[in-house]
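Trainee: Could you take me through one part of this model slowly, beginning with its interior and then turning to a single residue that deserves a close look?

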Amino acid sequence: MDRDGRIVTIGLSPAWDVTCRGRDLDWGRHQNIDEQAVRPAGKAMNVSCALAWMGFQNVAAVLWGGDDHDEIEAAVARLGSGRIQSRMTAVEGRTRWNVTVVDTLNHREMHLRDASSLASPDSLGKLGEGLRGLVRPGDTCVFAGAMPAGELLTPTVDLVRTCRGAGARIAADTYGPVLKEVVNAGLAWMIAPNVEELRELLGPPIDDAPAGLVEAGRTLLDRVGMVLISRGGQGALVVTKGGVWSGCSTARREALSTVGCGDYLLAGFLAGLVETGESRSALTRGLKAATARAWGWTETMTWEQVEKEVAVSVEAL
C-alpha cells in the first residue's frame with residue numbers, strides 16, 4: 001500500500017450501536033442493566049474507529065442522516081481523538097439504531113437490527129459527488145457494510161467505479177449482489193468476506209477448513225489481489241498471489257461480544273500493510289485487533305498495550 005495514500009471508509013448503511021450489558025437477562029423481567037454504551041457504527045464507521053484507536057489517520061466518507069448529523073460529528077471528534085477526518089454526506093432522514101443486549105452471566109447476546117433507509121438515487125448521487133472531490137491517486141477506499149441491490153445496484157457499483165477511476169485501490173467488505181458485481185468487474189484490490197459470504201459469492205459448498213478456504217480463495221485471484229477470510233473464533237486466513245497465511249489467537253478467553261470483530265480484523269490488516277507491506281505481519285496485527293475487540297479490551301486499553309498482551313500464531317500454508 002502507498003504510505004502517502006489515505007484510507008477512506010465508505011458506508012451506505014450506518015447506525016448508532018446501543019449495547020446494553022446485564023446479568024441473567026431473560027424475557028418478561030424488568031431488570032436494571034450494568035452498562036449502556038452508544039456509539040456510531042456500521043462496518044465503515046467501525047473500521048474508521050478501529051484505525052483511529054491504532055493511531056492511524058483516516059477519512060470517514062459515510063452516508064449519515066441529516067437529522068442527527070451534528071451528533072455524529074461530535075462523536076467522531078470525541079472517539080477519533082483527531083485521527084478521523086469527517087467527510088460525511090448528510091442526507092434526508094435519521095440514522096437507524098441497532099441494539100445489542102449482552103447477558104454477561106450466561107454468556108449470550110441478542111442483536112436487534114433495524115433496516116437502513118438512507119440510500120436512494122438522490123443520496124447515492126450526492127455521495128458520488130463528494131467522492132469525486134475527495135478521492136485521489138494512492139488512496140485505499142474501503143467499501144464496507146450492507147450495500148443496496150435491486151434498482152440501486154448500478155448506482156452503488158458506480159460509486160466503486162468513481163473511486164477506482166480516481167486512482168484508488170478498492171477494499172470491499174460487503175456481500176450479496178454488490179460484492180459479486182464488484183468482483184466480476186475486476187474492481188477490487190482486496191475483499192474481506194467471512195465464510196458464509198464467501199460461500200454466497202462462489203456458490204458451491206465450501207468447508208470451513210484451511211484447505212477448502214485456500215482453494216476457494218485462489219479461484220478469485222484472477223479478479224482480486226487478495227482475499228482476507230474471517231473465521232470467527234477460529235481466526236482468519238489471507239490468500240494472495242504471493243502466498244497464503246492462516247492465524248488465530250493462542251489464548252482462550254470468554255468473548256464479551258462478537259460485534260465488530262471482523263471490522264477490527266480488516267482495520268488491523270490494512271494498518272499492518274501500510275506499516276510493513278507484508279501480508280503475514282498485517283494478518284498478525286489484524287488478529288490482535290479483532291481479539292482485543294472480542295475481549296472488550298478496545299474500550300479499556302491502548303493499542304500499544306494490546307499489541308504486547310495479545311498473543312497470536314500465524315503460519316504459512
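Mentor: In this predicted model, the largest nonpolar core is made up of 56 residues, and those with the most contacts inside it are M190, L228, F269 and L283. Helix α8 gives the most to this core, contributing 10 residues. Apart from it lies another core, this one of 46 residues, with L63, L127, V160 and A168 among them.

M190 is a good residue from which to look around the first of these cores. Once its neighbours within four places in sequence are left aside, M190 is in contact with I170, A171 and A172, with M226 and L228, and also with L266, F269 and L270.

Now consider D263, which belongs to helix α8, the helix that runs over residues 261–276. The relative accessibility of D263 is 3%, and because buried means under 20%, D263 counts as buried. The side chain of D263 is joined to that of N46 by a polar contact of 2.7 Å. If residues up to four places away in sequence are not counted, D263 touches K43, N46, V47 and D173, so that N46 appears both in this list and in the polar contact.

For contrast, turn to G133, which is found in helix α3, spanning residues 121–134. Its relative accessible area is 64%, and since exposed means over 50%, G133 is exposed. G133 and A166 are 33 residues apart along the chain, while their C-alpha atoms are separated by 9.5 Å. Taken together, D263 is a buried residue, whereas G133 is an exposed one.

Definitions and conventions: Residues numbered from 1 in each chain as written. Predicted model: local features only at pLDDT ≥ 70, side-chain atom pairs only at ≥ 80, totals over all residues. Heavy atoms only, no water. Helix = DSSP H or I, 4+ residues; strand = E, 2+ residues; numbered from the N terminus. Buried < 20%, exposed > 50% of the residue type's maximum accessible area, 1.4 Å probe, protein only. Polar contact = N/O pair within 3.5 Å; in protein donor to acceptor, adjacent residues only side chain to side chain. Contact = heavy atoms within 4.5 Å. Core = buried A, V, L, I, M, F, W, Y, C linked by side-chain atoms within 4.5 Å.
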